[in-house]
Amino acid sequence: MNRKEKKAAGQKQFTRQLINTKGVTEYSLLTYRDDELVYFLIKPTNISVLSEDSVSARIYALMTVLKGMAELEFLCLNSRENFEDNKQFLKNRLEHENNPAVRRLLENDLTHLDRIQVQMATAREFLVVIRLRTEKESEVFPYLNRIEKTLREQGFSVIRADKEDIKRILAVYFEQNVTTEKFEDFDGERWIVLND
């Protein structure tokens, strides 16, 4: 394949290829790099209300987990929409607006977005990611159960992400959107009526 053909082939990539997402199973994300990613959701601890000793104990627990399992990857994501771009747009618009009525409306919109963001200030999700590459199918669930057990033994509140959790994580990460209750596997799936 020459350079021109490679460039044309690269331009014909599907969205899923560009974001390296082949599919979502009941418990993992399949990638085009032949990885299978399993996510564990860790409920965050509000360390601002903990004593210094309790914070030190949490850090030590995390260090213990890391020493015991080098294959862990960690992610911290927003678990809700992010309004920073909208707020910046309103601020820019406010600087250039001369009409007092429109300025008041823009200020009200900005105040409203600030209130929403304050309510969601702790809307962070902490994820532990496991990449399955060479594990045999019969070894996968015992391996994942062992990781989950280790995290729980160190005092972390953890659950393994299911299919809906993974789709929600992708929606927030790529779109900053969680305005739907159920994510479709295929675009427009809800409008298809199957005849029996």
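This is a guided tour of the structure, taken one selection at a time.

**The whole chain**

Begin with the full chain in cartoon view, keeping in mind that this is a predicted model. The chain holds seven helices and six strands, and anyone tracing the sequence from its start will meet them in the pattern α-α-β-β-β-α-β-α-α-β-α-β-α. If you colour by burial, 30% of the 196 residues count as buried. Among the contacts in the chain with a separation of 6 or more, 65% are between residues 24 or more positions apart.

**Helix H6**

Next select helix H6, residues 137–153. At 1.5 Å a residue its 17 residues should span 24 Å, and the C-alpha atoms at its ends are 25 Å apart, which agrees. Show the side chains of Val140, Tyr143, Leu144, Ile147, Glu148 and Leu151, which are the buried residues of H6. These residues cover an arc of only 135° around the axis, which puts them on the same side of H6. Now turn to the face pointing away from that buried side, where the exposed residues Ser138, Arg146, Lys149 and Glu153 are carried. Following H6 in the chain is Gly155, with a positive phi near 90°.

Thr150 is also in helix H6, and is worth a separate click. With a relative accessible area of 24%, Thr150 is partly exposed. Leaving aside neighbours within four places in sequence, Thr150 is in contact with Val65 and Met69. If you draw a distance from Thr150 to Thr64, C-alpha to C-alpha, you should read 9.5 Å, although the two residues are 86 residues apart in sequence.

**The nonpolar cores**

With H6 still displayed, which residues have the most contacts inside the largest nonpolar core? Select Phe40, Ile130, Leu144 and Ile147, which hold that place in a core of 18 residues. The elements that give two or more residues to this core are strand E3 (36–42), helix H3 (52–68), strand E5 (124–132) and helix H6 (137–153), and H6 gives the most, with five residues. In soluble globular proteins, nonpolar side chains tend to be buried together.

Centre the view on Leu144 and show what surrounds this residue: apart from neighbours within four places in sequence, Leu144 is in contact with Tyr27, Val38, Phe40, Ile130, Leu132 and Arg160. Apart from the largest core lies another one, of 11 residues, which you can pick out by selecting some of its members, including Tyr39, Leu127, Val129 and Leu170.

**Rings and a charge**

The structure holds one aromatic pair, so where should you look? Select Tyr27 and Phe141, whose rings form a tilted pair, 4.9 Å centre to centre and with 55° between the planes. This pair links distant parts of the chain, since Tyr27 is in the loop between strand E1 (23–24) and strand E2 (29–30) while Phe141 is in helix H6, 114 residues apart. Phe141 is partly exposed, with a relative accessible area of 38%.

Then move to Phe156 and Arg58, where the charged end of Arg58 sits over the ring of Phe156, 4.7 Å from its centre.

**Helix H4**

Select residues 84–96, which make up helix H4. For its 13 residues, 1.5 Å a residue gives an expected span of 18 Å, and the end C-alpha atoms are 19 Å apart, which agrees. Lys87, Leu90 and Leu94 are the residues to highlight as buried in H4. Looking down the axis of H4, you will find that its buried residues fall within an arc of 60°, so they line one face of the helix. On the other side of H4, Asp85, Phe89, Glu95 and His96 are exposed.

**Two loop residues with positive phi**

Finish with a pair of residues in loops. Is Asn20 buried or exposed? Asn20 is buried, with a relative accessible area of 13%, and is found in the loop between helix H2 (15–18) and E1. Although Asn20 is not a glycine, its phi is positive, at about 60°.

Asp34, found in the loop between E2 and E3, has a positive phi of about 65° and likewise is not a glycine. Asp34 is exposed, with a relative accessible area of 59%.

Notes. Residues are numbered from 1 along each chain as its sequence is written. This is a predicted model: local features need pLDDT of at least 70, side-chain atom pairs count only at pLDDT 80 or more; totals for chains, interfaces and linings use all residues. Side-chain values use heavy atoms; hydrogens and water are left out. Helices (H or I, at least four residues) and strands (E, at least two) are DSSP runs, numbered from the N terminus. The expected span of a helix is 1.5 Å times one less than its number of residues. Buried means under 20% relative accessible area, exposed over 50%, partly exposed in between (1.4 Å probe, protein chains only). The arc is that of the directions from the helix axis to the C-beta atoms. A nonpolar core is a set of buried Ala, Val, Leu, Ile, Met, Phe, Trp, Tyr and Cys residues joined through side-chain atoms within 4.5 Å. Contact means heavy atoms within 4.5 Å. Rings of Phe, Tyr and Trp (its six-membered ring) pair if their centres lie within 6.5 Å; planes under 30 degrees apart count as stacked, over 60 as edge-to-face and the rest as tilted. A charge sits over a ring if NZ of Lys or CZ of Arg is within 6 Å of the ring centre and within 35 degrees of the ring normal.
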